[in-house]
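Hi everyone, thanks for coming. I'd like to walk you through a structure that may be new to you, so please have a look at the screen.

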Amino acid sequence: MAQRWTASVLVLLAAAMSVTPPRAQSPSNNPPVNSANPAGSGFPTNPGRTNDIEFVERVLISRRDYQKALENLRLHYIQAGDLERTKWAEDELRQYHRIPKYAYRLELDVPPPNLSGNVNVTEANKLFTRAMQYKDKGGWGTDYIDNQRRAEILFQELLTKYPQSDKISDTAFMLGDIYESKAYKHYRRAAQYYERCYQWNPRTQMEARLRAARIYDKQLNERARAIELYREITTHETDTRRIEEATRRLTDLSGGR
């Protein structure tokens, strides 16, 4: 199975895209989390996709190698004092980071539910702060898209480098919010990260369970999973607003509307 990675320092620190390169990413088109897969604890196999993992891994490796080659080329031109070709490499890298990248298998992207980050890691805290400086900034258009990519890359770097950090739960929520946003609309991916938020920290104050339930309910039309999560909200959470919303939707869904 392909390894999760973080590339070296992103080439665009000196340009408009000042971020750190991403690790392998994955998409919204994956097998659903359902009653056969309690609490998103695993990734059920769709018989039609059982042979795709080798191809997906090759794509991820090729992306990593392509990015690294461009970074090395840019560094070569910087050292050679070739400003024109340095700009070419930076432009190509910038466009590379703007392209949506799918992993096609969530298990290559989303860490397992049994992580228990409880260590205050200074470097992880810094990454989280940097990511939040980009998240949701820029309004709409290219600036907004670029900033969401920057935030995503930094949050993913945190999860890859510091899975023991006490920031992983909040990071999972922020990634869920990013993937749900208009910049991505990767709904299944978003739901999985929301689930990791409360799985990694059952005491989280984030509305992760409710956000996941809404996605299964409204976006993915997976009624059984939505009902399961709405019920969990009524038994696991204390926020009145969340409980009221979950109760209303349970009534609606149970009534077949």
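Let me begin with one term: a residue is called buried when its relative accessible area is under 20%, exposed when that area is over 50%, and partly exposed in between. With a relative accessible area of 45%, D136 therefore counts as partly exposed. Please keep in mind that what you see is a predicted model.

So where in the protein is D136? Look at the loop between α3 and α4, and you will find D136 there. Its backbone has a feature to point out: phi of D136 is near 65 degrees, which is a positive value in a residue other than glycine.

Now let's step back for the overall picture. How many helices and how many strands does the protein have? The secondary structure comes to nine helices and zero strands. If you read along the sequence, the pattern is α-α-α-α-α-α-α-α-α. Of the 257 residues in the protein, 51% are buried. And if we take the contacts between residues at least 6 apart in sequence, 68% of them join residues at least 24 apart.

Let's go back to the loop that holds D136 and look at the helices on either side. Helix α3 covers residues 122-134, and helix α4 covers residues 142-161. Their axes come within 8 Å and cross at roughly 165 degrees. Angles over 145 degrees count as roughly antiparallel, so α3 is roughly antiparallel to α4. The crossing of these two helices is left-handed.

Which residues of the two helices meet? From α3 we have A124, L127, F128, R130, A131, M132 and Y134, and they meet N147, Q148, R150, A151, L154, F155, E157 and L158 of α4. Sorted by type, the residues of this contact are ten nonpolar, two polar and three charged.

Some of those α4 residues come up again when we move on to helix α5. Please find I178, which sits in α5. Is I178 buried or exposed? Its relative accessible area is 1%, so I178 is buried. Leaving out residues up to four places away in sequence, I178 touches K135, Q148, A151, E152, F155 and Y184. I178 and R149 are 29 residues apart along the chain, and their C-alpha atoms are separated by 8.8 Å.

Next comes the loop between α5 and α6, and I'd like to show you two residues there. One of them is A183, found in that loop. A183 counts as buried because its relative accessibility is 12%. Setting aside neighbours within four places in sequence, A183 is in contact with Y144, I145, Q148 and R149. You may recall Q148 from the list of residues that I178 touches. A183 and G141 are 42 residues apart in sequence, and 9.3 Å apart in space from C-alpha to C-alpha.

The other residue is K185, which also lies in the loop between α5 and α6. K185 has a relative accessible area of 48%, so K185 is partly exposed. Here, too, phi is positive in a residue other than glycine, with a value near 60 degrees for K185.

Let's carry on along the chain to E207, in the loop between α6, residues 187-200, and α7. E207 is a buried residue because its relative accessible area is 17%. Which side chain does the side chain of E207 make a polar contact with? The partner is the side chain of R241, at 2.8 Å. Not counting neighbours within four places in sequence, E207 is in contact with F173, R214, R241 and R242.

That brings us to our last stop, a second pair of helices. Helix α7 spans residues 208-219, helix α8 spans residues 223-236, and their axes come within 8 Å and cross at roughly 155 degrees. The angle makes α7 roughly antiparallel to α8. As α7 passes α8, the crossing is left-handed. On the α7 side, the contact is made by R209, L210, A212, A213, R214, Y216 and D217, while α8 brings R225, A226, L229, Y230, E232, I233 and H236. These residues divide into eight nonpolar, one polar and five charged.

That's my tour. Thank you for listening, and I'm happy to go back to any part of it.

Notes
Residues are numbered from 1 along each chain as its sequence is written. This is a predicted model: local features need pLDDT of at least 70, side-chain atom pairs count only at pLDDT 80 or more; totals for chains, interfaces and linings use all residues. Side-chain values use heavy atoms; hydrogens and water are left out. Axes are lines fitted to C-alpha atoms, for helices over the stretch in contact, and angles run from 0 to 180 degrees between N-to-C directions. Helices (H or I, at least four residues) and strands (E, at least two) are DSSP runs, numbered from the N terminus. Angles under 35 degrees count as roughly parallel, over 145 as roughly antiparallel, 65 to 115 as roughly perpendicular and the rest as oblique. A crossing is left-handed if the near helix is turned anticlockwise from the far one by less than a right angle, and right-handed if clockwise. Contact means heavy atoms within 4.5 Å. Ala, Val, Leu, Ile, Met, Phe, Trp, Tyr, Cys and Pro count as nonpolar, Asp, Glu, Lys and Arg as charged, and the others, Gly among them, as polar. Buried means under 20% relative accessible area, exposed over 50%, partly exposed in between (1.4 Å probe, protein chains only). A polar contact is a pair of N or O atoms within 3.5 Å; within protein, one must be able to donate a hydrogen and the other to accept it, and residues adjacent in sequence count only if both atoms are side-chain atoms.
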